[in-house]
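Let's take a walk through this structure together. Keep the 3D view open and follow along with the residue numbers.

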Amino acid sequence: MREPWVVGVSGASGTPYAAAVVRGLLDAGEPVDLIVSRAARLTILDETGRPFRDAHWADDLAGWLGRDLADADVRHWPAGDLAAGPSSGSYRVRGMAVVPASTAACAGIAIGLSKDLLQRSAEVNLKERRPLVVVPRETPVTRSHLEHLIALHDAGAVVLPASPGFYGAGASASAQQLVDFVAGKVLDALGVPHTLFRRWSGQLAADRS
């Protein structure tokens, strides 16, 4: 039986993180169910110049990820479809990542708002005790933001801020290397193997050269 990972993309800045996570899952041979919120479509357009449309999602996703998806196991669910598979606990998935996670998405998931399919799917993963990784990117944060993140943590989610480390590539790291670091940490939290960054080995950079 197909058991995909659900990737929810909210409207926060940081859609390259979502693209890197999806690419990493596909590279690992994992099936993916994708949910792109209405706000995220505007962010994708702003950050990449590419649209994301329900009617043309396969072509738009291929352009966004920069790869041919002919052999990829990817399914797209419109964010407004509250009767979609991931809205129910009986729909089998392995877990979910919300990346990037806007403060609105974090709040909605934390209080069980289920405003759209992304929030509902995340809530389902919590109630079914499946892995849920939430990647907030907003900074600085208010007290209410922190309270919602604590609520998510207490409900069983992994709160994984988009906070890249530099020990893998150093101060001259490219933007893509920093994005891949965060994406790799998301995959680590999901238990999916990857080679997106160099792991710490106990040696300083000078000792590795």
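What follows starts with the sheet, then turns to backbone oddities and ends at the surface.

One thing up front: this is a predicted model. For orientation, the UniProt record, an unreviewed entry, lists residues 5–190 as "domain: Flavoprotein". Over residues 5–190 the chain is 44% helix and 15% strand, and the C-alpha atoms at the two ends of that stretch sit 9 Å apart.

Let's begin with strand E1, residues 5–9. How many of its five residues are buried? Five of the five are, so E1 is largely enclosed by the rest of the structure. You can check this face by face: Trp5, Val7 and Val9 are buried on one side, while Val6 and Gly8 are buried on the other. Leaving E1, the chain passes through helix H1 (residues 15–27) to reach strand E2, and this β-α-β crossover is right-handed.

E1 has neighbours to pair with. Five bridges tie it to E2 (residues 32–36), and the two strands run parallel. Another four bridges join E1 to strand E4 (residues 95–101), again in parallel. Tryptophan 5 is a handy place to see both pairings: valine 32 stands opposite it in E2, and glycine 95 is its bridge partner in E4. Next along E1, valine 6 has aspartate 33 of E2 as a bridge partner.

Now shift over to E2. Is this strand enclosed or open? Five of the five residues of E2 are buried, so this strand too is largely enclosed by the rest of the structure. Val32, Leu34 and Val36 cover one face, and Asp33 and Ile35 the other, with all of them buried. So the aspartate that pairs with valine 6 is itself one of the buried residues, because five of the five in E2 are. E2 also pairs with strand E3 (residues 74–76), in the parallel sense and over three bridges. Look for leucine 34 there: histidine 76 of E3 stands opposite it.

Time for the backbone oddities. Most peptide bonds are trans, and most residues other than glycine have a negative phi. Where does this model depart from that? A cis peptide bond joins valine 99 and proline 100, with omega at about -10°. Proline 100 is in strand E4, the strand that shares four bridges with E1. A second cis peptide bond links threonine 139 to proline 140, also with omega at about -10°. Proline 140 lies in a loop, between strand E5 (132–136) and helix H6 (143–155).

As for phi, serine 114 has a positive value near 55°. You'll find serine 114 in the loop between helix H4 (103–110) and helix H5 (117–127). Arginine 129 has a positive phi as well, near 60°, and its place is in the loop between H5 and E5. Is arginine 129 buried or exposed? With a relative accessibility of 68%, arginine 129 counts as exposed, because the cut-off for that is over 50%.

Finally, let's look at the surface. Tyr167, Trp200 and Leu204 make a nonpolar patch of about 340 Å² there. Tyrosine 167 comes from the loop between strand E6 (158–159) and helix H7 (175–190). Its relative accessible area is 36%, which means that tyrosine 167 is partly exposed.

How values were computed: Residues are numbered from 1 along each chain as its sequence is written. This is a predicted model: local features need pLDDT of at least 70, side-chain atom pairs count only at pLDDT 80 or more; totals for chains, interfaces and linings use all residues. Side-chain values use heavy atoms; hydrogens and water are left out. Patches are made of residues with over 30% relative accessible area and no salt bridge: like charges are joined within 9 Å, nonpolar side chains (Val, Leu, Ile, Met, Phe, Trp, Tyr) within 5 Å. Accessible areas come from the Shrake-Rupley method with a 1.4 Å probe; for residues, only the protein chains shown count as cover. A salt bridge is a side-chain nitrogen of Lys or Arg within 4 Å of a carboxyl oxygen of Asp or Glu. Buried means under 20% relative accessible area, exposed over 50%, partly exposed in between (1.4 Å probe, protein chains only). Two strands pair if DSSP finds at least two bridges between them. A crossover is right-handed if, with the strands pointing away from the viewer, the path from the first strand over the helix to the second runs clockwise. UniProt positions are given in the numbering used here, feature names are shortened, and annotations may be inferred rather than shown by experiment.
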